[in-house]
Amino acid sequence: MTTKTKNTTKKSSTLNSSLLNVTAAAIKTTVENGEKWQDLTKKLIKKSEPVRKMQMNMVFNTATAVKNQVNLGKERMVDLVGYDNAVVGKVVKLAKENPVGKKVIHFAGGIIEKVSENPVIKKVERTSGDLKKMGIVKFNEVKEDVLGQAQKILNKGEELIEDAKAPKKTTKQIKTKGAAKVTQVRKTTKAKATTAKKKTASKVAIVKATAQTAVKSIKTDAADKIANIKETGKKNVAVIKKETKKEIETSAKDDLKIIHGIGPKLEMIFNKNNINTFAELAKADKTKIETILEEAGPMFKNINTSDWQKQAEVGAEEGVEALVKWVARYRTA
Amino acid sequence: MATKTRKIKQTTIEKVAHGVLGLATKANGFALNTIEKAFTTSFKMTEKGLGATNMLIKKGLEISATQQDLVFDVLKGIKKKIVKK
């Protein structure tokens, strides 16, 4: 019994599983077939589009043609009857009663109804309504934004006015701001000053070093130059001394021959005894002159020397020209 | 042996199901094709019919326009006669 029940349970389970598989496959195939049907409907809708377009065009073309015809008829009627409203009304009545007119009006009414009932037109109306709603919503959004911005600007302006009205606050604020700025500036200036000091110190050190080297070189050059100048100066001084001595000697010597009674030999004798100028001769004593003449030889013993000292005084005091004049006067006298 | 028999049983059920489903899909495909063809031909026919109706409407409108002109011409003539009288 147990084996039988086991077999039946096994069989039922396998059957169940196979049935499940089959149902899954069936569902799958139905879904696939449904998808295929959906695709077909899509295709057919697309294919029906030109037909619908054509239908629409036909309807609108006929409507416009009827409208034109009615307008033309109206114009012609006005032409026929004139502009009298009563007559026009009568004519319109006649036209309406006319079977052709009746047909036309009926056809036009039918077209209008058809057009109004057309789903495409309804859809267009709906979309236009939606667009209108969207536009209104967008406009309201933009309006709110603009109003918000304007409110912000107004608030800012009010704040500025309040600030302007309260000067104490502003001065305080300004002071605090100024103090902050001053501290900042001080800090920056300190930093700048330190950097500048460092830079200047380095520059000064460089300049000092260069100056020291320059001074050293200048000193050495100057010492050399001074030594050279000293040497040259000494040489020059010696030369100048010699020249001056010579010049003194030459300049100190007066032409004693100008004096009446003194010839070149006597001049030589006086020069040997250190009497070279008129002043020296004038200062010399008579005895000294006599002794010099005695020593010179017997030739000069009896020479008259009385006027020599006077002549020498004139030459020393008034010059050579005065002496020459004096001698000329002395000879003529 | 037992496994073999189980296999055979399973395949038979599934085979039948698969066969049925295959047939159903085939039938579906056939129906789809025929419907597509029918619809395309109907669309073509309607297009043609619409063209014809459009032509007819146009011609009818033309006729009505000429009729209107004729009526108004007659009315004009009558008016002229009345005015002359």
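**Exercise 1. In which loop of chain A is Asn274(A) found, and is this residue buried or exposed?**

Solution. The structure is a predicted model, and the first step is to place the residue along the chain. Asn274(A) sits in the loop that runs between α6 and α7 of chain A. The next step is to look at its surroundings: a residue counts as exposed if 12 or fewer other C-beta atoms lie within 10 Å of its own. Asn274(A) has 8 other C-beta atoms within 10 Å, and therefore it is exposed. A last step concerns the backbone, where Asn274(A) shows a positive phi of about 65° although it is not a glycine.

**Exercise 2. Describe the secondary structure of the two chains, and say how many of their residues are buried as a percentage.**

Solution. Begin with chain A, which contains 10 helices and 0 strands, so that its pattern along the sequence reads α-α-α-α-α-α-α-α-α-α. Of the 333 residues in chain A, 7% are buried. Turn then to chain B, which has 1 helix and 0 strands, and in which buried residues make up 1% of the 85 residues. Finally, consider the contacts within chain A with a separation of 6 or more, of which 56% join residues 24 or more positions apart.

**Exercise 3. Find the residues of the largest nonpolar core, and work out which elements give two or more residues to it.**

Solution. The first step is to list the members, which are 10 residues: Leu256(A), Ile259(A), Ile262(A), Leu266(A), Phe270(A), Ile275(A), Phe278(A), Leu281(A), Trp308(A) and Ala312(A). The second step is to assign them to elements, and those that give two or more residues to this core are α6 (264-272), α7 (278-283) and α9 (308-318) of chain A. The third step is to follow one member, Leu281(A), which, leaving aside residues up to four places away in sequence, touches Leu256(A), Phe270(A), Ile275(A), Trp308(A), Gln309(A) and Ala312(A).

**Exercise 4. Which residues of α9(A) are buried, and why can they be said to line one face of the helix?**

Solution. The buried residues of α9(A) are Trp308(A), Gln311(A), Ala312(A), Val314(A) and Gly315(A). Viewed down the axis of α9(A), these residues fall within an arc of 160°, so they line one face of the helix. To complete the picture, look at both ends of the helix. Asp307(A) lies in the loop between α8 (286-296) and α9 of chain A, and it is partly exposed, with 14 other C-beta atoms within 10 Å. Although Asp307(A) and Gly261(A) are 46 residues apart along the chain, their C-alpha atoms are separated by 9.0 Å. After the helix comes Gly319(A), whose phi is positive, near 105°.

**Exercise 5. Compare the span of helix α3 of chain A with the expected one, and state how many of its residues are buried.**

Solution. Helix α3 covers residues 99-117 of chain A, which is 19 residues, and from its first C-alpha to its last it reaches 27 Å, close to the 27 Å expected at 1.5 Å a residue. As for burial, α3(A) is hardly covered, since the count of buried residues among its 19 residues is 1.

**Exercise 6. Describe the contact between the chains and the confidence of the prediction.**

Solution. Start with the contact, which takes 32 residues from chain B and 29 residues from chain A. On the side of chain B that touches chain A, the residues divide into 14 nonpolar, 11 polar and 7 charged. Next, read the confidence: chain A averages a pLDDT of 82, and chain B averages 85. Within chain A, confidence is lowest in helix α2 (residues 85-97), at a mean of 74, and highest in helix α1 (residues 2-81), at 88. For the complex, the predictor gives an ipTM of 0.77 and a pTM of 0.37.

How values were computed. Residues are numbered from 1 along each chain as its sequence is written. Chains are lettered from A and ligands numbered from 1 in the order in which they are written. This is a predicted model: local features need pLDDT of at least 70, side-chain atom pairs count only at pLDDT 80 or more; totals for chains, interfaces and linings use all residues. A nonpolar core is a set of buried Ala, Val, Leu, Ile, Met, Phe, Trp, Tyr and Cys residues joined through C-beta atoms within 7 Å. A residue is buried if 20 or more other C-beta atoms lie within 10 Å of its own, exposed if 12 or fewer, and partly exposed in between; C-beta atoms are placed from the backbone. Helices (H or I, at least four residues) and strands (E, at least two) are DSSP runs, numbered from the N terminus. Two residues are in contact if their C-beta atoms, placed from the backbone, lie within 7 Å. Ala, Val, Leu, Ile, Met, Phe, Trp, Tyr, Cys and Pro count as nonpolar, Asp, Glu, Lys and Arg as charged, and the others, Gly among them, as polar. pLDDT is the predictor's confidence in each residue, from 0 to 100. The arc is that of the directions from the helix axis to the C-beta atoms. The expected span of a helix is 1.5 Å times one less than its number of residues.
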